[in-house]
Amino acid sequence: MSLAQQTYAAVTGADEDRIERREPRNGAVQVAALALTKTADAILEPKLTLAWLLTALGAPGALVGWLVPVREAGSLLPQLALAQWVERRRTRKLVWAFGSAMQGVAAVGIGLSALMLEGAAAGWAILAWLAALAVARSLCSLSHKDTLARSIPKTRRGAISGIAGSIAAVGGLAFGAALALGVIPLTVEAVSIALMSAGGLWLVAALIFPGLKEAEEPRRADARRDAGGLFAPLREDAMLRRFILARALLTATALAPPFIVMAAAADPDQRLGALGPLLLAAAAAGFASSYVWGRLSDRSSRKTLMAAGALAATVLTAAALAKATTGGLGGALGAALALFAAQIAYEGARQGRKLHLTDMTTDDARARYTALSNSLIGGVLILGGALGLVADAYGSAATLAILAAFAALSAPVSYALAEVQRDQ
């Protein structure tokens, strides 16, 4: 048992009893707020919706290529700088609510930019608003693990995220189906209004979340730390280093979807008509797997990470071989199926790594561990942008093969992690 786990066991016994008494109300608040924000995420999907929007607006392809790095790395890199500010807050729920509100404002800004601008100007404006949204998202990421640990008992936290993810997937399915069936016209104006509606969902979540009954943390004299103190866990905790390595390898699940779409694109002129089916595939994957992954993570987040890595390696290897041997993925249906399977693996990696980090740390260290882990992974994602150069030089099959290798390596690294869900 690690020192952090021993400390957790010693100080949280009474807190767990109090948390359990408040679970019904807190569970409802957590599920409602997360379902709203996850639905907004499904609508404002950089890999699909924003990529389509910038293409339709005539923005340069280079700007389209920066959508995923700006969103993903932008929400991770600032966390080390923000960690101490978050740790000085006695409760974290207002930090989360503020971050959600700011994401809502940024989403409205993206929609308005698309309505008022076009070409490179629209692309730069949307990227700027997306960067602002990503920074606000980093506040939510930093604070949510603490609010979850202080409001929901251990072994039931994964179910909360899983239920919210399944509800949100229904919203994503409805949005994708509406686009595919023509209920929502596939126009810049209609998609822009949908993005502003997603902003409204973030704002509603910001109003709901302060109703959470969160255990307060006393102010600590050591709340301010120098840079060396922030990086100390990386030097002192071997299990944290191993977790970060596993998570870095599992970034393959986040980076793969654009290259799956690239591998399937036989006719680039048809890309503007494919948004609905691809959104349907992505949302269906979340609906089918989010709750299952959450419950599996409650039992063993370590095994969830192993399974997600193995699944991703299998799917991406199959996609790479199909592209290399046949020149495609079997048309629109094949692309949708490949994206569906890859998104299931992504959901597993996301659920597993969030719960693993939540359960492996103590209240006084969780924000710091989260910030350190996320900031380092943000750097990895920035480096992952170089995979676009590999795709340009050698094709999407080579890129998918590289990502499959990363995913395969993540499984043995995850196997070596501790079982943090066991009673201590």
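## Overall picture

Of the 424 residues in the protein, 57% are buried. The model is a predicted one. Its secondary structure consists of 19 helices and 0 strands.

The accessible surface comes to about 16800 Å². Carbon and sulfur atoms account for 66% of that area. Contacts often bridge long stretches of sequence. Among contacts between residues at least 6 apart in sequence, 89% join residues at least 24 apart.

One pair shows how sequence and space can part ways. Alanine 81 and leucine 372 are 291 residues apart in sequence. In space, their C-alpha atoms are 9.4 Å apart. Alanine 81 belongs to helix α7, which covers residues 79-87. Alanine 81 has a relative accessible area of 69%, above the 50% cut-off, so it counts as exposed.

## Helix α16

Helix α16 runs over residues 331-360. It is mostly covered, with 24 of its 30 residues buried. At 1.5 Å a residue, α16 should span 44 Å. Its end C-alpha atoms are 43 Å apart, so the helix agrees with that expectation.

A salt bridge forms inside this helix. The side chains of glutamate 347 and arginine 350 meet at 2.8 Å, N to O. The two residues are 3 apart in α16, so about one helical turn separates them. Both glutamate 347 and arginine 350 are buried.

## Salt bridges on helix α15

Side chains of opposite charge can pair when their charged atoms come close. The whole structure holds 5 salt bridges. Helix α15, residues 275-326, contains both partners of one such pair, aspartate 298 and arginine 295. Their closest N and O atoms are 2.9 Å apart. The partners sit 3 residues apart, about one turn of the helix.

Are these two partners buried or exposed? Aspartate 298 has a relative accessible area of 5%, which means it is buried. Arginine 295 is at 33%, so it is partly exposed.

Arginine 302 makes a salt bridge with glutamate 419, at 2.6 Å from N to O. This pair links distant parts of the chain, 117 residues apart. Arginine 302 lies in helix α15, while glutamate 419 lies in the segment after α19. Arginine 302 has a relative accessible area of 10%, and is therefore buried. Glutamate 419 is at 14%, so it counts as buried too.

## A salt-bridge network

Which residues are linked in a network of salt bridges? They are Asp41, Arg71 and Arg137.

## Helix α19 and its neighbours

Helix α19 covers residues 396-415. Its 20 residues should span 28 Å at 1.5 Å a residue. The end C-alpha atoms are 29 Å apart, so this helix also agrees with the expected span.

Several residues of α19 are buried, including Ser396, Leu400, Leu403, Ala407 and Val413. Which helices do the buried residues of α19 pack against? They pack against α13, α14, α15 and α18. Of these, α13 covers residues 238-250, and α18 covers residues 387-394.

## Threonine 253 in helix α14

Helix α14 runs over residues 252-264 and includes threonine 253. This threonine has a relative accessible area of 3%, so it is buried. A polar atom of its side chain lies 2.8 Å from the backbone oxygen of leucine 250.

What does threonine 253 touch, not counting residues up to four places away in sequence? Its contacts are Ala312, Ala345, Tyr346 and Ala349.

## A nonpolar patch on the surface

Phe98, Met102, Val105, Trp129 and Leu203 make a nonpolar surface patch. The patch has an area of about 410 Å². Helix α8, residues 93-116, gives the largest share, with 3 residues.

Methionine 102 lies in this helix. Its relative accessibility is 34%, so methionine 102 counts as partly exposed.

Methods: Residues are numbered from 1 along each chain as its sequence is written. This is a predicted model: local features need pLDDT of at least 70, side-chain atom pairs count only at pLDDT 80 or more; totals for chains, interfaces and linings use all residues. Side-chain values use heavy atoms; hydrogens and water are left out. Patches are made of residues with over 30% relative accessible area and no salt bridge: like charges are joined within 9 Å, nonpolar side chains (Val, Leu, Ile, Met, Phe, Trp, Tyr) within 5 Å. Accessible areas come from the Shrake-Rupley method with a 1.4 Å probe; for residues, only the protein chains shown count as cover. A salt bridge is a side-chain nitrogen of Lys or Arg within 4 Å of a carboxyl oxygen of Asp or Glu. Helices (H or I, at least four residues) and strands (E, at least two) are DSSP runs, numbered from the N terminus. Buried means under 20% relative accessible area, exposed over 50%, partly exposed in between (1.4 Å probe, protein chains only). A polar contact is a pair of N or O atoms within 3.5 Å; within protein, one must be able to donate a hydrogen and the other to accept it, and residues adjacent in sequence count only if both atoms are side-chain atoms. Contact means heavy atoms within 4.5 Å. The expected span of a helix is 1.5 Å times one less than its number of residues.
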